Amino acid sequence: MKHVIAVFIWTLLFISLGVYSQNKMHDFTDNFTNKIEVIQKYIEEDKLDKASDDIKDWSKSWHKEKEIWYKMVNHEFFDDICLSLNILDQSIKYNDKLSALEQVETIKML
């Protein structure tokens, strides 16, 4: 009977940690999705200076928080987002609105 109780406790613990990490990941992605949508609005409204400032802030917080999830989630997605973020920053720097919007959509999709 002790073994059954131990297995039941470990199963509940495992499921609880899975639900907790899933909720935290959902909050993490929602936060950054909202920020990238604000950047998209700035680009569409030709407020590239504000978009550039927001990208710098977003990039700092992105690199800081991604380290938490980098080991638990497929890190290729994080690398792809970082690549798109760099291209987005350069597109805004050179006033390439079409490329910037393309990279925003890529980031949102990833």
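**Reading a four-helix model**

Me: I9 lies in helix α1. What makes I9 part of a nonpolar surface patch?

Reply: This is a predicted model, and in it M1, V4, I5, F8, I9 and L12 make a nonpolar patch of about 660 Å². To join such a patch, a residue needs over 30% relative accessible area, no salt bridge, and a nonpolar side chain within 5 Å of another. I9 is listed as a member, so it meets those cut-offs.

Me: How do you know what the chain's fold pattern is?

Reply: Helices are DSSP runs of at least four residues, strands of at least two. The chain comes out with four helices and zero strands, and reads α-α-α-α along the sequence.

Me: How do you know whether the chain is a compact globule or not?

Reply: For 110 residues, a compact globule would have a radius of gyration near 13 Å, but this chain has 19 Å. So by the globule rule, the chain doesn't fit. The C-alpha box agrees, at roughly 70 × 20 × 20 Å along the principal axes.

Me: Which residues line the largest pocket, and what makes them lining?

Reply: Lining residues have an atom within 4 Å of a pocket point. There are 15 of them, with F28, T29, W62, I81 and L110 nearest the centre. α1, α2, α3 and α4 each give two or more residues, and α1 has the largest share, six. The space in the pocket is about 260 Å³.

Me: What classes make up that lining?

Reply: Twelve nonpolar, two polar and one charged. Trp and Phe count as nonpolar and Thr as polar, so W62 and F28 go with the first class and T29 with the second.

Key: Residues are numbered from 1 along each chain as its sequence is written. This is a predicted model: local features need pLDDT of at least 70, side-chain atom pairs count only at pLDDT 80 or more; totals for chains, interfaces and linings use all residues. Side-chain values use heavy atoms; hydrogens and water are left out. On a 1 Å grid over the protein atoms alone, a cavity is a set of points where a 1.4 Å probe fits but cannot get out, and a pocket is an open set with protein on both sides within 12 Å along at least five of seven lines; lining residues have an atom within 4 Å of a point. Grid points are joined across faces, edges and corners, and a volume is the space filled by probe spheres set on the points. Patches are made of residues with over 30% relative accessible area and no salt bridge: like charges are joined within 9 Å, nonpolar side chains (Val, Leu, Ile, Met, Phe, Trp, Tyr) within 5 Å. Accessible areas come from the Shrake-Rupley method with a 1.4 Å probe; for residues, only the protein chains shown count as cover. A salt bridge is a side-chain nitrogen of Lys or Arg within 4 Å of a carboxyl oxygen of Asp or Glu. The radius of gyration is taken over C-alpha atoms; the globule rule is 2.2 Å times the number of residues to the power 0.38.
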